[in-house]
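Biologist: I'm new to this one, so could you pick a single spot, look at it closely, and then work outwards until I see how the rest fits around that spot?

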Amino acid sequence: MRRCVQALLAVLRRYAAGRFRVDATLGWLLIAIAFSAVAPSWAAAPAAEQRAQPLHDPELERRALALGHRLRCVVCQNQSIAESNAELAHDLMNQVRAMLQAGKSEQEIVDFLVARYGEFVLFEPPFDARTLLLWVGPFALAALGLFGLWSGLRRRQQQSGVGATLDEAAKAQADALLAGDSPSKTETRVAKESS
Amino acid sequence: MRWKYVVPLVVFLGLVVLFAVGFRLNPREIPSPLIGKPAPHFTLPRFVEPSATVTPAVWAGQPYLLNVWATWCVSCRQEHPMLMRLKQEGVRIIGFNYKEIRGDAGLDARKLSPEAEAQLAWQRIGAWLKTGGDPYADLVVDLTGRAAIDYGVYGTPETFFIDAKGVIRYKHIGPITPEVWQDQLRAKWLALQEGS
């Protein structure tokens, strides 16, 4: 983790110094930013009271609202039927209340609505073979991205030789060079780059 | 290591294709789980005879379109001339009036007694069918919208394609325009007739 942060900082430092190449890392970075820009936005809506017909039993009403918050309003789509002010949301909320009052269980009510409006009404889709990609996909993508970043940075580190230690022979050679011996020019360049 | 340059490009192009397809889909069109299932049962008053009630069983034997509408629904008014044309072409359309009074944002139905609500609804429907023409072979009135919940109705107009055995074969969301009828719906209607 620390290595990742350090590597990221190194990339940023180089970017600030104007030495950044448009390469694969930047490409992946842009893709990551593009995805984070599509983050969900929650609209806080006032609770719908006008046409609601709350139950007299507070415990039953609490259960109705809790269930309503888990069910999507098919008209406004990003609100639950408990929050939405749409006509149909009120109708469905009152339907939920009536069914709870008639002694139906939460599961029976959910099944009732799914049979009519489809699984779209569920804010939390069931975890099965069809929705596997939906549930696992984001984590798999993130893991893939992190792995790519890690392996790319590691390769770069190896290529640039940062952190490589000098063995005894190289150290002796370097000492000799610093002391003023004059080997051929090519050797000097190689030695400098590896130090 | 050229693939490092190719992979982001491929991913980018993949996203372009995904968005190009995804943004063209209409998120308002929710597939109905009722396709292939028998049309749900209801007992509703007939427009022509408010004291009598009917169930969908009375329409079985021949395919029909169940058209969900209301006079306050602007798209339904736009659709109406097309329904008249379809009637002339021999399409059997059953009307399903949806929350004629309670669904109208311009009215406050809570101030009305059930009798007054029914009276006003019949009055409005009658006036509309007189001016625009009556395309319906039969018409039922669902004042509360409870029967519509069983059909998964979430807006108007919606049109269900129901075969001779009373099974829902297709659901069209939004008004039936001449283009939509020609391009998609006509073939579905003909398929229903062949099946009977």
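Modeller: Let's start with Asp163(B), which sits in the loop between strand 6 and strand 7 (168–173) of chain B. Strands (E, at least two residues) and helices (H or I, at least four) are DSSP runs, numbered from the N terminus. A word on ground rules: this is a predicted model, where local features need pLDDT of at least 70 and side-chain atom pairs count only at pLDDT 80 or more, while totals for chains, interfaces and linings use all residues. Residues are numbered from 1 along each chain as its sequence is written, chains are lettered from A and ligands numbered from 1 in the order in which they are written, and side-chain values use heavy atoms, with hydrogens and water left out.

Back to our aspartate. Asp163(B) has 9% relative accessibility, so it counts as buried; the cut-offs are under 20% relative accessible area for buried, over 50% for exposed, and partly exposed in between (1.4 Å probe, protein chains only). Its side chain reaches the backbone nitrogen of Val167(B) at 2.9 Å, and a polar contact of 3.0 Å joins it to the side chain of Arg169(B). A polar contact is a pair of N or O atoms within 3.5 Å; within protein, one must be able to donate a hydrogen and the other to accept it, and residues adjacent in sequence count only if both atoms are side-chain atoms. Skipping neighbours within four places in sequence, Asp163(B) is in contact (heavy atoms within 4.5 Å) with Gln62(B), Pro63(B), Arg169(B) and Leu192(B).

Another acidic residue of chain B, Asp138(B), forms a salt bridge with Arg46(B) (2.9 Å, N to O). That term calls for a side-chain nitrogen of Lys or Arg within 4 Å of a carboxyl oxygen of Asp or Glu. Asp138(B) belongs to strand 5 (residues 138–142) and Arg46(B) to the loop between strand 1 (44–45) and strand 2 (53–54), so the pair ties together parts 92 residues apart in sequence. Asp138(B) is buried at 11%, whereas Arg46(B) is partly exposed at 23%.

Asp150(B), in turn, leads us across to chain A. Its salt-bridge partner is Arg116(A), with the closest N and O atoms 2.7 Å apart. Asp150(B) lies in helix 4 of chain B and Arg116(A) in helix 5 of chain A, so this pair joins two chains. Asp150(B) is buried at 13%, and Arg116(A) counts as buried at 18%.

How many salt bridges cross the interface of chain B and chain A? The rule finds three. In one of them, Asp91(A) meets Lys99(B) at 2.3 Å, N to O, and those two are linked with Glu87(A) in a network of salt bridges.

Now the interface as a whole. Here 24 residues of chain B are in contact with 24 residues of chain A. The area buried between them is about 2100 Å², with carbon and sulfur atoms giving 58%; buried area is the accessible area (1.4 Å probe) that two parts lose on being put together, summed over both. Ile30(B), Ile149(B) and Tyr154(B) supply 23% of what chain B buries against chain A, more than any other three residues.

What about the packing inside? The largest nonpolar core has 48 residues, and those with the most contacts inside it are Leu71(A), Val96(A), Tyr117(A), Leu66(B) and Phe96(B). A nonpolar core is a set of buried Ala, Val, Leu, Ile, Met, Phe, Trp, Tyr and Cys residues joined through side-chain atoms within 4.5 Å. Among the elements that give two or more residues to this core are helix 4 of chain A and our starting neighbour, strand 6 (158–162) of chain B. Helix 4 of chain A gives the most, with seven residues. Apart from this core lies another, of 29 residues, with Leu65(B), Trp128(B), Leu129(B) and Val141(B) among them.

Helix 4 of chain A (residues 87–101) also holds Arg97(A), which is buried at 3%. Chain A itself has eight helices and zero strands.
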